[in-house]
Each structure stands twice: as structure tokens, then as C-alpha cells.
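The report below goes through selected features of one chain, element by element. The sequence and coordinates come first.

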Amino acid sequence: MKRKVIVAGVGMIPFSKPGKSEPYLVMGERAARLALDDARVPYAEVQQAYVSYVYGDSTAGQAAIYRVGLTGVPVFNLNNNCSSGSSALFLARQAVESGMVECALALGFEQMVPGALKGAYDDRPSPMARFAEEMTTLQGFDPAAPRAAQFFGGAGRDYMKEHGIRADTFGRISVKARQHAARNPMAVFRDTVTLDEVMAAPTVFEPMTRLQCCPPTCGAAAAVVCSEDFARRHGIDTTVSIAAQAMTTDTPSTFDSHDMRKVVGYDMTVAAARQVYEAAGIGPEDIDVVELHDCFTANELITYEGLGLTPEGTAEKFILEGDNTYGGRVVTNPSGGLLSKGHPLGATGLAQCAELTWQLRGQADQRQVEGARLALQHNLGLGGACVVTLYQRA
């Protein structure tokens with residue numbers, strides 16, 4: 001019998017550029033304490049902890065958690081690329097929902113370095129090798145461009161070829177992201193930009209310019225989840241619960257379709273979203289606010305369709321008519337998203353959780369989506385994994 005899972009508390013520290021942050025274990029401790037304080041739960045009540053990061057040594061999770069307390073509870077270290085944070089949340093939710101524990105902590109952090117993402121090892125096969133081979137077969141490889149930008153830029157190119165949209169349609173997503181981030185004191189980039197400025201920025205990989213790519217970021221975020229009974233016994237706010245959640249990985253279509261959109265996880269997104277909607281008995285038209293994985297503008301655009309927010313082939317119309325922002329059909333990335341808030345890999349999924357929890361509680365200040373009751377989270381990692389989570393206001 002599945003149990004209702006409450007988001008008891010969330011915490012997030014302001015994100016920063018590489019070289020400007022505290023060490024990862026200090027950031028992790030701060031975020032964990034913020035979430036525990038928000039839940040009004042002492043760490044001694046936490047029965048399991050799931051800690052996510054991508055660039056860090058084994059048991060870095062313990063190093064951060066031990067600064068909060070030494071209670072002897074299981075601590076699991078997770079690396080699922082950019083979906084690591086939501087993977088930690090997935091396991092914490094699953095532990096509570098199944099009845100294995102009453103209260104669990106999910107914590108994510110990342111202490112990044114400047115520049116494009118790179119693998120940690122050059123003496124063994126890369127887990128991304130099959131993806132890189134498919135990309136190279138489809139569009140070649142540019143040694144002067146960041147590999148991640150080539151993956152997602154290629155997806156944007158394939159979308160343009162099929163639907164004939166303008167390059168500056170992608171740029172409009174960056175304009176929207178900065179407008180939203182201007183209201184978020186925890187975002188890295190809070191200055192607004194014009195479409196002309198976005199399009200005039202140096203090209204990273206067509207059709208994307210520098211202002212259409214998320215920055216390397218340092219930061220941490222956390223969430224405490226618990227059962228409804230535990231919440232009632234401890235006087236915890238039960239406003240926000242996880243109504244449904246799904247995690248997917250790659251299927252043959254990733255490589256067999258010979259489409260860069262599928263290589264970067266479009267079908268994982270479609271499958272995870274479909275599972276969530278079916279489990280909750282709702283449709284995408286019921287969603288009020290979304291935090292989705294906008295590592296590049298191209299991925300935000302294709303994800304609108306992957307999540308069913310707009311029918312296939314209509315993303316440009318969705319953007320031009322303002323249906324992706326305040327006053328439109330659904331507010332996407334009110335936090336500023338990865339593009340402007342920042343993308344500390346292991347923390348991103350939990351930062352999305354924090355933003356949507358604040359939205360459903362009515363605590364998002366200038367970013368507040370009026371009357372928000374259903375919130376959708378989408379977190380994607382190449383290699384690959386996709387987690388889609390539906391939050392509901394009581």
C-alpha cells in the first residue's frame with residue numbers, strides 16, 4: 001500500500017560562479033540545515049539520507065552530512081549526471097512511500113570549475129561514448145565547441161529542419177529566463193537581456209549563442225520528505241505532497257531513430273511525463289507551473305512538447321504567444337531555470353523541488369504564480385536518466 005509523501009521542508013543556498021563559493025561540504029551542510037529548519041525536524045529524526053553530486057570523491061555525501069550530525073543512519077552517494085538531484089529525491093520518496101522509513105533527506109551539491117564539462121578519466125571507456133558516436137555519425141564533431149552544446153544544439157537543428165522555425169525563437173527563451181531570474185535573489189544571472197543581445201552574443205554551436213547556454217555553477221539544495229502520519233505527529237506543514245513521480249532511462253529509440261532530439265533524451269521525457277500523468281489522473285493542461293531542464297535553450301523548446309505542454313510542432317507558437325510565462329498558459333522556470341539561476345549539477349533537481357514547493361505554498365515572493373496548485377518538475381541527465389515529478393497543493 002503506497003503512502004502519501006509530504007515535502008516537509010526545502011532549503012537552497014544562493015548559487016554562485018566557480019571560485020566564488022564555499023567548499024562543497026559547507027554548502028551541503030547549509031542546504032541540509034535549511035531544509036531541516038524549514039521542516040522543523042531535528043536531524044536525529046532522519047532515517048536515511050541520499051546525497052547527489054557529479055564532480056566529487058566517494059563519500060563526499062558523508063563529509064557534508066557529518067557536519068549536520070553523526071547519527072549512524074545510511075547515507076547513499078548518487079551520481080546520475082545532471083539528473084542526480086532528482087534521483088536522490090526519487091529514492092527518498094520511494095523509501096517513505098514504501099513504508100521503509102518515516103522521514104528521509106535528499107541533499108545535492110556541486111563545486112564546479114570554470115569552462116565546459118569534461119570527463120574525469122581518460123584511461124577507461126567513457127559512459128558517454130555510445131552517445132558521442134551517434135552524434136558524430138549524425139552531424140560530425142567540432143573540437144572547438146563544447147560537447148554538451150553539440151548534443152543539444154544538434155537537437156535544436158533537427159527541430160528547425162522538421163518544423164522550419166527561426167533561430168531567434170530559441171533566443172526568446174533566454175530573454176524569458178533572465179526576466180524570471182531578475183525576481184530571484186538566489187540566481188546567478190539577474191540582469192535582463194534583450195533578444196538582440198542574446199542573438200549578438202558569440203555563437204557556441206548553432207543555433208545557440210553563449211547566452212543560450214547554462215553556466216557552470218556552484219551551489220546546494222535539499223529536501224526533507226516524510227509520511228503523512230509522521231508529519232501530523234510532528235506538527236509539520238502538509239501543504240505540499242508528491243502526487244506522482246517517474247524515472248526513465250534510454251530505450252532503443254535513443255540510438256535507432258537517428259535523431260539528435262532522441263539522443264538527448266526526448267523519449268525519456270515523453271515516457272516519464274506520461275507515467276506521471278497517468279498515475280495522477282491528470283493531463284498537462286492541468287499544470288500551473290513547471291521547472292524543466294533548460295541546460296540549453298534548445299532543450300527547453302523540445303521539452304515543452306516532450307512534457308505535452310504544447311502539441312508537437314507548436315513550440316514556436318507557444319513561445320511567441322507568451323504561453324510559457326506569466327499571463328500565459330503555464331509558467332515555465334519561474335526561478336530563471338538552469339540558464340539564469342544556474343546549474344550546479346548535483347543540486348539542480350533539488351533546487352527545482354525547492355522552487356516548486358515555495359510556489360505551491362505561496363512563498364515565491366515576486367516570482368509567485370497566482371493560484372498554483374499543481375507543479376511539474378523535469379530533470380534530465382545524459383547517459384542517461386530523466387525524472388519527472390508532480391507536486392500537489394493540499
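## Gly61 and its surroundings

Helix H2, residues 60-65, contains Gly61. The model is a predicted one. Gly61 is buried, as its relative accessible area is 0%. Apart from neighbours within four places in sequence, Gly61 contacts Val51, Tyr53, Val75, Asn77 and Phe109.

The C-alpha atoms of Gly61 and Gln352 are 20 Å apart in space, with a separation of 291 residues in sequence.

## The sheet

An open sheet is formed by 10 strands, and its pairing is mixed. The strand order is S3-S2-S4-S7-S1-S8-S12-S11-S9-S10. Strand S3 (75-78) and strand S10 (331-332) are at the edges; each has a single partner strand, so one side of each has no neighbour in the sheet.

Strand S1 (residues 5-12) sits between S7 and S8 in that order. S1 runs antiparallel to strand S7 (residues 219-227), and 7 bridges join the two. Among the pairs, Gly11 has Ala222 in S7 as its bridge partner, and Val5 stands opposite Ser227 in S7. Strand S8 (residues 240-248) is also antiparallel to S1, joined to it by 2 bridges. Here Ile6 has Ser241 in S8 as its bridge partner. S1 is mostly covered, with 8 of its 8 residues buried.

## Nonpolar cores

In soluble globular proteins, nonpolar side chains tend to be buried together. In this model, the largest nonpolar core has 55 residues. Which of its members touch the most others? They are Phe151, Leu301, Leu307 and Leu376. Helix H11 (residues 266-280) gives the most to this core, contributing 7 residues.

Leu376 illustrates the contacts made by one of these members. Setting aside neighbours within four places in sequence, Leu376 contacts Val276, Tyr277, Ile287, Val289, Val290, Glu291, Leu307, Leu356, Val388, Thr389 and Leu390. Another core, of 37 residues, lies apart from the largest one, and its members include Val54, Ile65, Val75 and Cys226.

## Helices H3 and H15

Helix H3 (residues 84-97) and helix H15 (residues 345-361) have axes that come within 4 Å and cross at roughly 60°. On the H3 side the contact involves Ser84, Gly85, Ser86 and Leu89. These meet Gly346, Gly349, Leu350 and Cys353 in H15. Sorted by class, the contact comprises 3 nonpolar and 5 polar residues, with no charged residues.

## Cysteines

How many disulfides does the structure hold? The number is 0. Two cysteines show why no bond is assigned to them: a disulfide requires sulfur atoms within 2.5 Å, and both Cys213 and Cys295 have their closest cysteine sulfur in Cys214, too far for a bond.

For Cys213, the distance to the sulfur of Cys214 is 7.5 Å. For Cys295, the distance to the sulfur of Cys214 is 5.8 Å. Are these two residues buried or exposed? Cys213 is buried, at a relative accessible area of 14%. Cys295 also counts as buried, at 5% relative accessibility.

Definitions and conventions: Residues numbered from 1 in each chain as written. Predicted model: local features only at pLDDT ≥ 70, side-chain atom pairs only at ≥ 80, totals over all residues. Heavy atoms only, no water. Axes fitted to C-alpha atoms, helices over the stretch in contact; angles between N-to-C directions. Contact = heavy atoms within 4.5 Å. Nonpolar A, V, L, I, M, F, W, Y, C, P; charged D, E, K, R; others polar. Buried < 20%, exposed > 50% of the residue type's maximum accessible area, 1.4 Å probe, protein only. Core = buried A, V, L, I, M, F, W, Y, C linked by side-chain atoms within 4.5 Å. Pairing = 2+ DSSP bridges.
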